[in-house]
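Please find below a colleague's note on the structure, set out as numbered points. Each point treats one topic.

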Amino acid sequence: MTTHNTALGERTGGAVAKKAVGAPPGRRAGGAARTPWIYLAPALVVLGGLLVYPVYQLGLISFLEYTQAQVSGGEPTTFQGFGNYATLFGDEQFWQVLLATVVFAAACVVSTLAVGCALAVLLTRVRALPRLALMLAALGAWATPAITGSTVWLFLFDPDFGPVNRMLGLGDHSWTYGRYSAFALVLLEVVWCSFPFVMVTVYAGIRAVPAEVLEAAALDGASQWRIWRSVLAPMLRPILVVVTIQSVIWDFKVFTQIYVMTNGGGIAGQNLVLNVYAYQKAFASSQYGLGSAIGVVMLVILLAVTLVHLRLLRRQGEEL
């Protein structure tokens, strides 16, 4: 009996000792979870300085009476509360510009995703040399500065010297004179410089899909469209979420293309979008507080769209 109790005590003591020895690894696991944040800390500090402080200043100025008189020191800066926002929301032009911005950005996003995804699928169907040529052409469009691309597109559609009017037999038709034709022209340029990001990202995602899955779908008689809709799109949904959110952000705050191609917003401001509208209010009219309020509204809209989109995906059980 004594021997049995002693053995039992040794086994119990050994188990307790193992638990005691196992405690430090638990603490080490917690430390390992903090390790990535330690490495990310320098970048987070830099990003905080580059993003948080400017956003704070933008919000602060939006609550102030801040015009050229305050900038030059001729008059003191006064706190306006929500006065700039009341002025902005009471301006009928603001709502017209907001509606035009939303419709234009939505058209750009849909067009960019459609072109980018179609060409990504095409890249998987062509041989090496055509694929390389298409990739180089797309990356060249992506690397072209926005102001350069806008100037080139203006030349292509120039009513006097542009080759497009000559090929289509349109004479001296001005694409930037009408509101909708000007928006369509800018949309083409935006899609041209934006689709390479979608194409390259989606193409990389398609390459990561097991070939057996695509072969099985093809053997079952599925068309290319059915394979994309029922097989590839669900598997690439996390990637499509990223490129969609990126496209929404980029296209909603388009500035250079509109400003260059419509000469600052078109005739009588018919092609204004929020970014150009904010620029006109802040710098052309020296109403910096009102321009900052427009910037804050844009920031809130983009954050709301992004958060709603991510929340809907999480409700569907998607892991992002």
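The points that follow go from the whole chain to single residues.

1. Overall composition. The model under review is a predicted one. Its protein chain is made of 14 helices and 2 strands. The chain has 320 residues, of which 31% count as buried. Its exposed area is about 19100 Å², and carbon and sulfur atoms supply 67% of that area.

2. Contacts along the sequence. The contacts considered here are those between residues at least 6 apart in sequence. Of these, 67% join residues at least 24 apart.

3. Cysteines. How many disulfides does the structure hold? The count is 0. For cysteine 108, the closest cysteine sulfur belongs to cysteine 193, at 9.1 Å, which is too far for a bond. The cut-off that matters here is 2.5 Å between the sulfur atoms. Cysteine 108 has a relative accessible area of 0% and is therefore buried. Cysteine 117 is also classed as buried, with 10% relative accessibility.

4. Aromatic pairs and an edge-to-face example. The whole structure contains 21 aromatic pairs. One of them joins tyrosine 66 and tyrosine 288 in an edge-to-face arrangement, with 6.1 Å from centre to centre and 65° between the planes. This pair links distant parts of the chain, its members being 222 residues apart. Tyrosine 66 lies in the loop between β1 (64-65) and α2 (68-71), and tyrosine 288 lies in helix α14 (residues 288-315). Are the two residues buried or exposed? Tyrosine 66 counts as partly exposed because its relative accessibility is 25%, whereas tyrosine 288, at 18%, counts as buried. The cut-off that separates these two classes is 20% relative accessible area.

5. A stacked pair. Tryptophan 153 and phenylalanine 157 form a stacked aromatic pair, with 5.8 Å between the centres and 10° between the planes. Tryptophan 153 counts as buried at 14% relative accessibility. Phenylalanine 157 is buried as well, its relative accessible area being 11%.

6. An aromatic cluster. Which residues do ring pairs link into a cluster? The members are Phe63, Phe79, Phe82, Tyr85, Phe89, Phe94 and Trp95.

7. A nonpolar surface patch. Trp37, Leu40, Leu44, Val46, Leu47, Leu50, Leu51 and Val52 make a nonpolar patch of about 830 Å² on the surface. One of these residues, valine 46, is located in helix α1 (residues 2-61).

8. Threonine 262. This residue is in the loop between α12 (256-261) and α13 (274-284). Is threonine 262 buried or exposed? With a relative accessible area of 6%, threonine 262 is buried. Leaving aside residues up to four places away in sequence, threonine 262 touches Ala182, Val186, Gln257 and Asn271.

9. Serine 286. The loop between α13 and α14 holds serine 286. Serine 286 counts as buried, since its relative accessibility is 18%. When residues up to four places away in sequence are not counted, serine 286 touches Tyr66, Thr67, Gln68 and Lys281. Tyr66, among these contacts, is also the partner of tyrosine 288 in the edge-to-face pair.

Notes. Residues numbered from 1 in each chain as written. Predicted model: local features only at pLDDT ≥ 70, side-chain atom pairs only at ≥ 80, totals over all residues. Heavy atoms only, no water. Buried < 20%, exposed > 50% of the residue type's maximum accessible area, 1.4 Å probe, protein only. Phe/Tyr/Trp six-rings, centres within 6.5 Å; stacked < 30°, edge-to-face > 60°. Helix = DSSP H or I, 4+ residues; strand = E, 2+ residues; numbered from the N terminus. Patch = residues over 30% accessible without salt bridge, like charges linked within 9 Å, V, L, I, M, F, W, Y side chains within 5 Å. Areas by Shrake-Rupley, 256 points an atom, 1.4 Å probe, with all protein chains shown as cover. Salt bridge = Lys/Arg side-chain N within 4 Å of Asp/Glu carboxyl O. Contact = heavy atoms within 4.5 Å.
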